[in-house]
Amino acid sequence: NLPMLVHMACNIFFGAELVLLFAGEHFSVQRFARKSGNLFSSLVFILSVVGFILTYPGAVPQSIADVFPKEQIGKVLKSLAALRLYRLMKILPTMNHILSEAISSLRSILNISVFLFLCTFCTAVCGRYLISDSMKGRSNFSDLSSATLTSFQVFTADSWTGILYDAMAAGTTPFWSCVNAVFVILWLFFSQILV
């Protein structure tokens, strides 16, 4: 299996690098541990090797494999090897700046995400009271969770016309069909302005 061989070769390469770093510190654990980059690389290497062992066929006895999902845990641990790219921050100062700016903007991203969720939730509640369970189809306002998913579907403009037609068909009179249509279209316009 080619991906497994490439992963094993990368682990061997990074293991050899850790041995050389350790040798550069005169085989002193204290001096090696003082540098946070060494500890980070060692942790990622150990977790990656454990992930490789867990996913390698026949490496774990069947009695242990029956107790916990070794494949899923192994895949997660192997994917942590991508954290090695973090070491590029030392070499590329522009990348370090971009990462620090991205981290500093997380609070703003969280604020806008909460705002968008609240808008979607309020629309779902309004749709729940306005259209209720009279709407047929997979996307409907019959309960709060379905209403939230339907509102999010309109928010992303994914098949919103189908929801519009179903909402219009749910109206008991032509007036209520128009009210339902205006509700869906207003939410679509508002959501597109937000995005």
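## An exposed isoleucine and its patch

At 52% relative accessibility, Ile103 counts as exposed, because the cut-off for exposed is over 50%. This value, like every other one here, is computed from a predicted model. Ile103 sits in helix 7, which covers residues 93-104.

Ile103 does not stand alone at the surface. Ile103, Leu106, Ile109, Ile112, Phe115 and Phe190 together make up a nonpolar surface patch. Their combined accessible area is about 560 Å². Which helix gives the largest share of the patch? Helix 8, residues 106-130, supplies 4 residues.

## Helix 1 against helix 3

Helix 1 spans residues 2-24, and helix 3 spans residues 36-55. The two pack at an angle of about 150 degrees. Their axes lie 10 Å apart. The crossing of helix 1 past helix 3 is left-handed.

Which residues meet where these helices pack? From helix 1 come Met4, His7, Met8, Asn11, Phe14, Gly15, Leu18 and Leu21. From helix 3 come Asn38, Ser41, Ser42, Phe45, Ser48, Val49, Phe52 and Thr55.

## A salt-bridge network around Glu25

The salt-bridge count comes to 2. Glu25 takes part in a bridge with Arg31, at 3.6 Å from N to O. Glu25 also bridges to Lys35, at 2.9 Å from N to O. The Glu25 and Lys35 pair links distant parts of the chain, 10 residues apart. Glu25 is in the loop between helix 1 and helix 2 (29-34), while Lys35 is in the loop between helix 2 and helix 3. Glu25, Arg31 and Lys35 are thus named as one network of salt bridges.

Is Glu25 buried or exposed? Glu25 has 10% relative accessibility, so it counts as buried. The cut-off for buried is under 20%. Arg31 reaches 35% and is therefore partly exposed. Lys35, at 46%, is also partly exposed. The network thus joins a buried Glu25 to a partly exposed Arg31 and a partly exposed Lys35.

## Thr150 and Gln153 in helix 9

Thr150 belongs to helix 9, residues 144-155. Thr150 is buried, because its relative accessibility is 2%. Which residues does Thr150 touch, not counting those up to four places away in sequence? They are Ser139, Asn140, Phe141 and Ile163.

Gln153 lies in helix 9 too. Gln153 counts as buried, with a relative accessible area of 18%. Leaving aside neighbours within four places in sequence, Gln153 is in contact with Ser139, Asp158, Ser159 and Ile163. Ser139 and Ile163 appear among the contacts of Thr150 and also among those of Gln153. The C-alpha atoms of Gln153 and Val179 are separated by 19 Å. Those two residues are 26 residues apart along the chain.

## Positive phi in two loops

Ser132 is not a glycine, yet its phi is positive, about 60 degrees. Ser132 lies in the loop between helix 8 and helix 9. Ser132 is partly exposed, because its relative accessible area is 25%.

Where is Ala157 placed? Ala157 is in the loop between helix 9 and helix 10, the latter running over 160-170. Ala157 also has a positive phi of about 60 degrees and is not a glycine. With a relative accessible area of 34%, Ala157 is partly exposed.

## Ala181 in helix 11

Ala181 is placed in helix 11, residues 174-194. How accessible is Ala181, and what class does that give? Ala181 has 10% relative accessibility and so counts as buried. Leaving aside neighbours within four places in sequence, Ala181 is in contact with Leu164 and Met168.

How far apart are the C-alpha atoms of Ala181 and His7? They are separated by 54 Å. Along the chain, the two residues are 174 residues apart. His7 is one of the helix 1 residues that meet helix 3.

Note on methods: Residues are numbered from 1 along each chain as its sequence is written. This is a predicted model: local features need pLDDT of at least 70, side-chain atom pairs count only at pLDDT 80 or more; totals for chains, interfaces and linings use all residues. Side-chain values use heavy atoms; hydrogens and water are left out. Patches are made of residues with over 30% relative accessible area and no salt bridge: like charges are joined within 9 Å, nonpolar side chains (Val, Leu, Ile, Met, Phe, Trp, Tyr) within 5 Å. Accessible areas come from the Shrake-Rupley method with a 1.4 Å probe; for residues, only the protein chains shown count as cover. A salt bridge is a side-chain nitrogen of Lys or Arg within 4 Å of a carboxyl oxygen of Asp or Glu. Buried means under 20% relative accessible area, exposed over 50%, partly exposed in between (1.4 Å probe, protein chains only). Axes are lines fitted to C-alpha atoms, for helices over the stretch in contact, and angles run from 0 to 180 degrees between N-to-C directions. A crossing is left-handed if the near helix is turned anticlockwise from the far one by less than a right angle, and right-handed if clockwise. Contact means heavy atoms within 4.5 Å.
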